[in-house]
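Reader: Hey, I've got this thing open on my screen and don't know where to start. Can you walk me through it?

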Amino acid sequence: MSSFSDYKEGSATAEYRAMVDKAASVAERQKAKVDPMYHEKIDSLLDTYARKLAENMNHGFAIDARVPSVMIAGPANFPVRQKEKQVQASRANIEEWRHIQGLLDKIRSTGMGGISADDPAAVEKLQKKLESLERSQLIMKEVNAYYRKHGTLDDCALLSPDQIERLKSSMAASWRSSPKPFESYQLTNNNAEIRRIKARIEEVSKRAEQDFSGWEFDGGHVEMNREDNRLQVFFDGKPDEATRTELKISGFRWAPSVGAWQRQLTDNAIRAADRLECIRPLSGEKPSQLQKKPSILKAVQEHVAEPPGERHPPAKKEQER
């Protein structure tokens, strides 16, 4: 359909396997660098990469087979319009392929930066960070107390010999008349970070327990994808340019891999949805108002789970007169 050369049987499968093997090597190298708590996320990203890559390559081959090359079929009665559609589909498939390759960058960055709210172990990691900060705060206070009492850091059991020497050098180079091992600003900054992490733990925990509700709008529907931590907007057809611009301004981006406009599932995302008339719920309510309503499924589950003996019979209505 597209080449005078014969297709070598198994070559496409070999190409796919080589790319997945390369991704697996990237994953193994990253797992060797980071804490074991990140290994499950890396494996999940690798599985997603392998699955989406297979779907993308298969779709690409199907697109290539729709219309033969003009070099093969010849110019007479060539289906130009069909060829244009094929080229458009091919470009979209290539854009999706680039998005899939971006998963390799996600693998390389896993465990190397901050803690994302969409990390299943986010609360656990934040708790560990909090414990480390609180331990540092306690050590700094105790070291300062030791220095006030003894006038030296020598033989301080809380510090290693290298740490003692580094603190001595730092104090000797200080412009302060009475330097301390740990200055007040260091304790203040560390304490502020402790408060920030505590607030972050509360925020992430609250989000994990929150029931998000999607909705239908004129021309599509919205899904709250908890697994991928994304607010996703699905249109029945391609939205017009004005709508696309409005979505981009509000932080939404087109994701060819899922066929949706999406952004991270946060309170800010829901507030942004409140301002978008193009995805206004059919009920006329704001998306944020829908989130305040209890889930119907959850209400049914709670009703079924309630012990029969604890159910209260409906109050008798007064006899109508």
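Author: Sure. This is a predicted model, and a good place to begin is helix α2 (residues 39-64), which packs against helix α4 (residues 80-109) at an angle of about 165°, with the two axes 10 Å apart.

Reader: Ok, so how do α2 and α4 run relative to each other, roughly parallel or roughly antiparallel?

Author: Roughly antiparallel. Angles over 145 degrees count that way, and theirs is about 165°.

Reader: And is the crossing of α2 and α4 left-handed or right-handed?

Author: Left-handed.

Reader: Which residues of α2 and α4 actually meet?

Author: On the α2 side, they include I42, L45, L46, Y49, K52 and L53. From α4 you get N93, E96, W97, I100 and L104, among others.

Reader: What kinds of residues are in that contact of α2 with α4?

Author: By class there are twelve nonpolar residues, eight polar ones and four charged ones.

Reader: Cool. How does α1 sit against α4?

Author: Helix α1 (residues 11-33) crosses α4 at roughly 25°, and their axes come within 8 Å. That angle makes α1 roughly parallel to α4. M19, A23, V26, A27 and Q30 of α1 make the contact with W97, Q101, L104, I107, R108 and S109 of α4.

Reader: What's the class breakdown for α1 with α4?

Author: Seven nonpolar, three polar and one charged.

Reader: Switching topic: I clicked on S257. Where does that lie?

Author: S257 is in the loop between β4 (253-255) and β5 (260-264).

Reader: What does S257 touch, leaving out residues up to four places away in sequence?

Author: S257 touches K52, E96 and H99. K52 belongs to α2 and E96 to α4, and both take part in the meeting of those helices. The side chains of S257 and H99 are also joined by a polar contact of 3.5 Å.

Reader: How far is S257 from N93?

Author: Their C-alpha atoms are separated by 9.0 Å, although the two residues are 164 places apart along the chain.

Reader: Last thing, what's the pLDDT like for the chain?

Author: The mean is 83, and 83% of the residues reach 70 or more. Over residues 294-305, though, pLDDT is below 50, and that stretch has four contacts in the model beyond near neighbours in sequence.

Reader: And how many contacts does the model have for 307-321?

Author: Three, counting beyond four places in sequence, and pLDDT stays under 50 there too.

Definitions and conventions. Residues numbered from 1 in each chain as written. Predicted model: local features only at pLDDT ≥ 70, side-chain atom pairs only at ≥ 80, totals over all residues. Heavy atoms only, no water. Helix = DSSP H or I, 4+ residues; strand = E, 2+ residues; numbered from the N terminus. Contact = heavy atoms within 4.5 Å. Polar contact = N/O pair within 3.5 Å; in protein donor to acceptor, adjacent residues only side chain to side chain. pLDDT = per-residue confidence, 0-100. Axes fitted to C-alpha atoms, helices over the stretch in contact; angles between N-to-C directions. Parallel < 35°, antiparallel > 145°, perpendicular 65-115°, else oblique. Left-handed = near helix turned anticlockwise from the far one by under 90°. Nonpolar A, V, L, I, M, F, W, Y, C, P; charged D, E, K, R; others polar.
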